[in-house]
Amino acid sequence: MFDPSALTRDGFLGGALQIWQPIKGYRAAMDPVFLAASVPAKAGQSVLELGCGAGVASLCLAKRVVGLSSYGVERQADYAVLARQNAFENSLNFTVETANLQVMPRSLCHSFDHVIFNPPYFLSQSGTQAKDQGRDGALREETPSKDWIDAATRRLKPGGWLQLIQSAERLPDILAALDTRVGAISVLPLAPRAGRAAKRFILRAQKGARRPFLLLASFVIHDGASHLADRPDYSPKAEAILRNGAALSFD
């Protein structure tokens, strides 16, 4: 487990959610918040997060949608402990199992209304290895995209939704890994500013659906052509998501 002195407690959703994270390990930023905001979950439904880390995405979603049954699987035991602690201290229902998503624990071998994930952005052979093993394990792909998507699809109910956030350069890999078990695939690019290329995308797909692929207009995160002041310059829609826990619509 992490030494308490090696952790910080960080506010998300305008401070409504307080999350313990390692100082030197993988630290969540805005990506899991956007992922959570885009999940069309309703009270009474079930959600599974693959590779949940310290639990930011699932806990942001649980904060927005009261009455969910939320579950997570995380292979790094120290992060799984943090996720459980974060859920407890924020009084949110989130059950976390320590396991590899390729060998799902029996307690999670049932079907869910939603499966979400924020997989590693870098291929195993790319970039420079991070000094911290936990950070490197969160950012560098050891389990191929097709295995993440297969695990997610297997755990979905008919009509259930698969949802992920990933680096824009990985979109071809993700599309290639999807198969005929899912349809109604929508991709929402996330652009840092208007007129800039997207750096991230959120993908949504529905199990058993047959509607055609949809590429949506980019969601713009920051206002203005460049950063001009020492303060946040989020667009109004991004501000509502990051500070107030608003939903991100795919409509």
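**Figure 1. A salt bridge within helix 5 of the predicted model, between Asp 150 and Arg 154**. The closest N and O atoms of Asp 150 and Arg 154 are 2.8 Å apart. Both residues belong to helix 5, which spans residues 145-154. They are four residues apart in this helix, or about one turn. Asp 150 has a relative accessible area of 24% and is therefore partly exposed. Arg 154 reaches 52% relative accessibility, so this residue counts as exposed. In the structure as a whole there are twelve salt bridges. Side chains of opposite charge can pair when their charged atoms come close.

**Figure 2. A salt bridge within helix 7, between Arg 243 and Glu 239**. The side chains of Arg 243 and Glu 239 meet at 3.8 Å, N to O. The two residues are four residues apart in helix 7, so about one helical turn separates them. Arg 243, at 34% relative accessibility, counts as partly exposed. Glu 239 is also partly exposed, at 30% relative accessibility. Elsewhere, salt bridges with shared partners join Asp 150, Arg 154, Asp 179 and Arg 181 into one network.

**Figure 3. A salt bridge between helix 3 and strand 1, formed by Glu 89 and Arg 9**. The closest N and O atoms of Glu 89 and Arg 9 are 3.2 Å apart. This pair links distant parts of the chain, with Glu 89 in helix 3 and Arg 9 in strand 1, 80 residues apart. Glu 89 is partly exposed, because its relative accessibility is 34%. Arg 9 has a relative accessibility of 38% and so counts as partly exposed.

**Figure 4. The buried and exposed residues of helix 7**. Helix 7 covers residues 236-244, and its buried residues are Ala 238, Ile 241 and Leu 242. These residues cover an arc of only 85° around the axis, and therefore lie on the same side of helix 7. They pack against helix 1, residues 31-37, and strand 11, residues 219-220. The face turned away from the buried side carries the exposed residues Pro 236 and Asn 244. Just after helix 7 comes Gly 245, which takes a positive phi of about 70°.

**Figure 5. The largest nonpolar core, with 47 residues**. The residues with the most contacts inside this core are Phe 12, Val 33, Phe 34, Leu 61, Leu 190, Phe 219 and Leu 248. At least two core residues come from each of several elements, including strand 1 (7-12), strand 2 (17-22), helix 1, helix 3 (77-89), strand 8 (182-191) and helix 7. Helix 2 gives the most to this core, with six residues. Another core, of 26 residues, lies apart from the largest one. Val 73, Trp 148, Leu 164 and Leu 203 are among the residues of this other core.

**Figure 6. The surroundings of Phe 219**. With residues up to four places away in sequence left out, Phe 219 touches Phe 34, Leu 188, Pro 189, Leu 190, Ala 191, Lys 237, Ala 238, Ile 241 and Leu 248. Of these contacts, Ala 238 and Ile 241 are among the buried residues of helix 7. Phe 34, Leu 190 and Leu 248 are, with Phe 219 itself, among the residues with the most contacts in the largest nonpolar core.

**Figure 7. The largest pocket**. About 200 Å³ of space lies in this pocket. It is lined by 13 residues, of which Phe 219, Lys 237, Leu 248, Ser 249 and Asp 251 are the closest to its centre. Helix 7 gives the most to the lining, with three residues. Rolling a probe the size of a water molecule over the atoms shows where empty space is left.

**Figure 8. Ser 70 in strand 4**. Strand 4 comprises residues 69-74. Ser 70 has a relative accessibility of 4%, below the 20% limit, and therefore counts as buried. Apart from its neighbours within four places in sequence, Ser 70 is in contact with Val 47, Ala 62, Asn 93, Phe 94 and Thr 95.

**Figure 9. Ser 107 in the loop between strand 5 and strand 6**. Strand 6, which follows this loop, covers residues 112-117. Ser 107 has a relative accessible area of 39%, so this residue is partly exposed. The C-alpha atoms of Ser 107 and Tyr 71 are separated by 10.0 Å, and the two residues are 36 residues apart along the chain.

Notes
Residues are numbered from 1 along each chain as its sequence is written. Side-chain values use heavy atoms; hydrogens and water are left out. Buried means under 20% relative accessible area, exposed over 50%, partly exposed in between (1.4 Å probe, protein chains only). The arc is that of the directions from the helix axis to the C-beta atoms. Contact means heavy atoms within 4.5 Å. A nonpolar core is a set of buried Ala, Val, Leu, Ile, Met, Phe, Trp, Tyr and Cys residues joined through side-chain atoms within 4.5 Å. A salt bridge is a side-chain nitrogen of Lys or Arg within 4 Å of a carboxyl oxygen of Asp or Glu. On a 1 Å grid over the protein atoms alone, a cavity is a set of points where a 1.4 Å probe fits but cannot get out, and a pocket is an open set with protein on both sides within 12 Å along at least five of seven lines; lining residues have an atom within 4 Å of a point. Grid points are joined across faces, edges and corners, and a volume is the space filled by probe spheres set on the points.
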